[in-house]
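Dear colleague,

I am handing over a structure for you to look through, and below it I have written out what was found in it. Please keep the structure open while you read, so that you can follow each point on the screen.

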Amino acid sequence: MEFKGDYHTHTLYSDGRASLEEMIIAAKAQGLQELGIADHGPRNIGTGVKNESIFLEIKEGLNKLQVNFPSLQLKVGAEADVLNLTGELDISKKVIKELDYLLAGLHPYIIPQGLQGVDWILENQIMKVFPALKERVKTNNTKALVEAIHNYDLWAITHPGLKMDVDAYEVARACIRCDTLWEINAGHKFPSYEKVQEVAGYGVDFIVNSDAHFPESVGCLEYGSWVLEKVGVPPEKIKNAKVD
Ligand SMILES: [Zn+2]
Ligand SMILES: [Zn+2]
């Protein structure tokens with residue numbers, strides 16, 4: 001299976017190791033038709049963009065570079081963080097409007113919003129010592145993600161279940177209801193074959209992304225093609241599959 005684009009990549013603006021141009025050159029070399037830059041939201045500790053206006057800077061940078069790379073469609077996105085159980089994200093609606101698409105995911109090292117958000121993120125940490133919290137944490141992770149899917153126009157959710165367990169059925173139902181894609185994260189080789197089989201059974205649509213932090217990983221989507229073919233997911237259920 002081949003893919004027309006990679007839409008989850010990071011640059012020096014967050015915790016990636018390369019410039020916009022270096023990522024673009026890599027995408028072109030990989031034969032992609034589209035490249036999306038989706039740096040981390042500002043409340044990702046140590047790895048987020050300095051502030052949300054950086055996304056506008058990225059947009060401007062991509063607009064300028066687009067002229068030099070006519071064969072590659074450049075898009076500006078973001079990988080926003082979910083901040084609390086009401087599904088609030090760390091990018092304002094004003095900035096979101098300027099983006100070509102929006103991704104969001106659960107990350108354990110963020111500055112949450114509100115006391116309830118603080119409890120939720122803390123419990124994700126102390127659960128390692130108090131396994132009795134596990135079920136409650138999973139329920140809350142699911143709630144936070146499902147609310148975000150309902151409250152925002154998300155194109156896809158990134159690596160659902162990675163480092164923060166969720167109820168796949170509940171999240172899949174929200175994705176189907178809101179037309180949100182379930183990401184296969186090739187960089188993390190996540191989720192597993194068994195999980196992809198489970199959520200494919202619920203009827204979600206997928207997108208395969210690299211989560212590249214280096215030019216070398218842009219367009220490296222082999223895990224996605226392997227796992228989706230093994231499960232038998234048809235190309236029309238995979239948003240960025242090349243169908244021609
Ligand atoms: Zn992520
Ligand atoms: Zn990422």
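In this predicted model, helix H4 passes helix H5 in a left-handed crossing. H4 covers residues 114-126 and H5 covers residues 134-151, and their axes come within 10 Å of one another, crossing at roughly 135°. Because an angle over 145 degrees would be needed to count as roughly antiparallel, the crossing at roughly 135° makes H4 oblique to H5.

If you would like to find the place where the two helices touch, look at Trp 120, Glu 123 and Asn 124 on the H4 side, which meet Arg 136, Val 137, Asn 140 and Ala 144 on the H5 side. The residues of this contact divide into 3 nonpolar, 2 polar and 2 charged.

Turning to the protein chain as a whole, its secondary structure comes to 8 helices and 7 strands. The radius of gyration of the chain is 17 Å, close to the 18 Å that the globule rule gives for 244 residues, and the chain is therefore as compact as a globular protein of that length. Along its principal axes, the C-alpha trace spans about 55 × 40 × 30 Å.

Two further values describe how the chain is packed. Of its 244 residues, 49% count as buried, and, among the contacts with a separation of 6 or more, 75% are accounted for by residues 24 or more positions apart.

With best wishes

How values were computed
Residues are numbered from 1 along each chain as its sequence is written. Chains are lettered from A and ligands numbered from 1 in the order in which they are written. This is a predicted model: local features need pLDDT of at least 70, side-chain atom pairs count only at pLDDT 80 or more; totals for chains, interfaces and linings use all residues. Axes are lines fitted to C-alpha atoms, for helices over the stretch in contact, and angles run from 0 to 180 degrees between N-to-C directions. Helices (H or I, at least four residues) and strands (E, at least two) are DSSP runs, numbered from the N terminus. Angles under 35 degrees count as roughly parallel, over 145 as roughly antiparallel, 65 to 115 as roughly perpendicular and the rest as oblique. A crossing is left-handed if the near helix is turned anticlockwise from the far one by less than a right angle, and right-handed if clockwise. Two residues are in contact if their C-beta atoms, placed from the backbone, lie within 7 Å. Ala, Val, Leu, Ile, Met, Phe, Trp, Tyr, Cys and Pro count as nonpolar, Asp, Glu, Lys and Arg as charged, and the others, Gly among them, as polar. The radius of gyration is taken over C-alpha atoms; the globule rule is 2.2 Å times the number of residues to the power 0.38. A residue is buried if 20 or more other C-beta atoms lie within 10 Å of its own, exposed if 12 or fewer, and partly exposed in between; C-beta atoms are placed from the backbone.
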